[in-house]
Amino acid sequence: MRKRDMTFASAVLEAIDAILALTYIGLQIYYGVCYHIQVFKFVANILVLLLVYIAITWLQHYPEKLNHIAAELCVGNIRKYSLRLLTFVKLVFTAGLLVPCVCDAFGIAIRDVYSLIMIGLILVVTAYYEYRIFQEIKSLRK
């Protein structure tokens with residue numbers, strides 16, 4: 001996210017998200033060492049997080065790419081909603097990966113439906129903010 005778009009709330013959410021991501025990476029390394037998991041497995045888990053995290057962070061710098069609109073049109077509420085969408089999706093994704101790791105550490109089994117709940121939550125956040133973005137674009141074109 002660019003400095004001009006950063007608010008106190010978004011900075012706090014980004015910091016929380018970075019802490020969650022680092023915790024996830026640390027737990028993956030811990031599991032790999034303690035439980036002698038194949039190197040490929042925990043490296044693949046870490047790479048998935050890093051690639052998605054980097055992709056969303058890149059989109060936060062260029063939110064106009066999210067909806068394939070011109071940079072001149074991505075201002076005001078459209079930019080604000082685009083950045084919120086990306087911030088919340090990144091936060092839900094990172095927290096969604098971290099919860100099973102923490103539950104594994106405490107010996108708690110998570111049901112398979114957890115993945116569907118996390119995907120559903122990401123879709124709800126995306127649908128809400130995309131609706132708001134499309135409403136703003138529609139009102140600009142009138």
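Here is a chat between a trainee and a mentor about a predicted model of one protein chain.

Trainee: Hi! What is the secondary structure of this protein chain made of?
Mentor: Hello! The model is predicted, and its protein chain has 4 helices and 0 strands. Read from the N terminus, the order is α-α-α-α.

Trainee: And what does the C-alpha trace span along its principal axes?
Mentor: The trace covers about 60 × 30 × 25 Å.

Trainee: How many of the 142 residues count as buried?
Mentor: The buried share is 35% of the 142 residues. As for the outside, the chain exposes about 9100 Å², with carbon and sulfur atoms supplying 70% of that area.

Trainee: Which residues make the nonpolar surface patch?
Mentor: Val 39, Val 43, Leu 47, Leu 50, Leu 51 and Ile 54 make it, and the patch comes to about 540 Å².

Trainee: Let me pick Leu 50. Where is its place?
Mentor: Leu 50 sits in helix α2, which covers residues 39-61.

Trainee: Why does Leu 50 count as partly exposed?
Mentor: Leu 50 counts as partly exposed because its relative accessibility is 34%, and that class runs between 20% and 50%.

Trainee: New topic: charges. How many positive and negative ones are there?
Mentor: The chain has 14 positive and 9 negative charges. The mean positions of these two sets are 6 Å apart.

Trainee: I noticed His 36. What is its phi?
Mentor: His 36 has a positive phi of about 50°, although this residue is not a glycine. That catches the eye because most residues other than glycine have a negative phi.

Trainee: Where is His 36, and is it buried or exposed?
Mentor: You'll find His 36 in the loop between α1 (8-34) and α2. His 36 counts as exposed because its relative accessibility is 70%.

Trainee: What about His 68, what is its phi?
Mentor: The phi of His 68 is positive too, at about 55°, and this residue is not a glycine either. His 68 lies in the loop between α2 and α3 (77-106). With a relative accessible area of 72%, His 68 is exposed.

Trainee: Let's go to Leu 73. Where does it lie?
Mentor: Leu 73 is found in the loop between α2 and α3. At 25% relative accessibility, Leu 73 counts as partly exposed.

Trainee: Which residues does Leu 73 touch, if I skip those up to four places away in sequence?
Mentor: Leu 73 touches Ile 78, Leu 140 and Arg 141.

Trainee: How many Å apart in space are Leu 73 and Tyr 31?
Mentor: From C-alpha to C-alpha they are 46 Å apart, with their positions 42 residues apart in sequence.

Trainee: Last one: Asp 17. Buried or exposed?
Mentor: Asp 17 counts as buried because its relative accessibility is 1%, where the limit for buried is under 20%. Asp 17 lies in helix α1.

Trainee: Which residues is Asp 17 in contact with, leaving aside neighbours within four places?
Mentor: Asp 17 is in contact with Tyr 53, Lys 90, Leu 91 and Thr 94. Take Tyr 53: Asp 17 and Tyr 53 are 36 residues apart along the chain, and their C-alpha atoms are separated by 9.5 Å.

Trainee: And over the protein chain, what share of the contacts with a separation of 6 or more joins residues 24 or more positions apart?
Mentor: Those residues account for 71% of such contacts.

Terms used:
Residues numbered from 1 in each chain as written. Predicted model: local features only at pLDDT ≥ 70, side-chain atom pairs only at ≥ 80, totals over all residues. Heavy atoms only, no water. Helix = DSSP H or I, 4+ residues; strand = E, 2+ residues; numbered from the N terminus. Buried < 20%, exposed > 50% of the residue type's maximum accessible area, 1.4 Å probe, protein only. Contact = heavy atoms within 4.5 Å. Areas by Shrake-Rupley, 256 points an atom, 1.4 Å probe, with all protein chains shown as cover. Lys, Arg positive; Asp, Glu negative; His and termini not counted. Charge placed at Lys NZ, Arg CZ, Asp CG, Glu CD. Patch = residues over 30% accessible without salt bridge, like charges linked within 9 Å, V, L, I, M, F, W, Y side chains within 5 Å. Salt bridge = Lys/Arg side-chain N within 4 Å of Asp/Glu carboxyl O.
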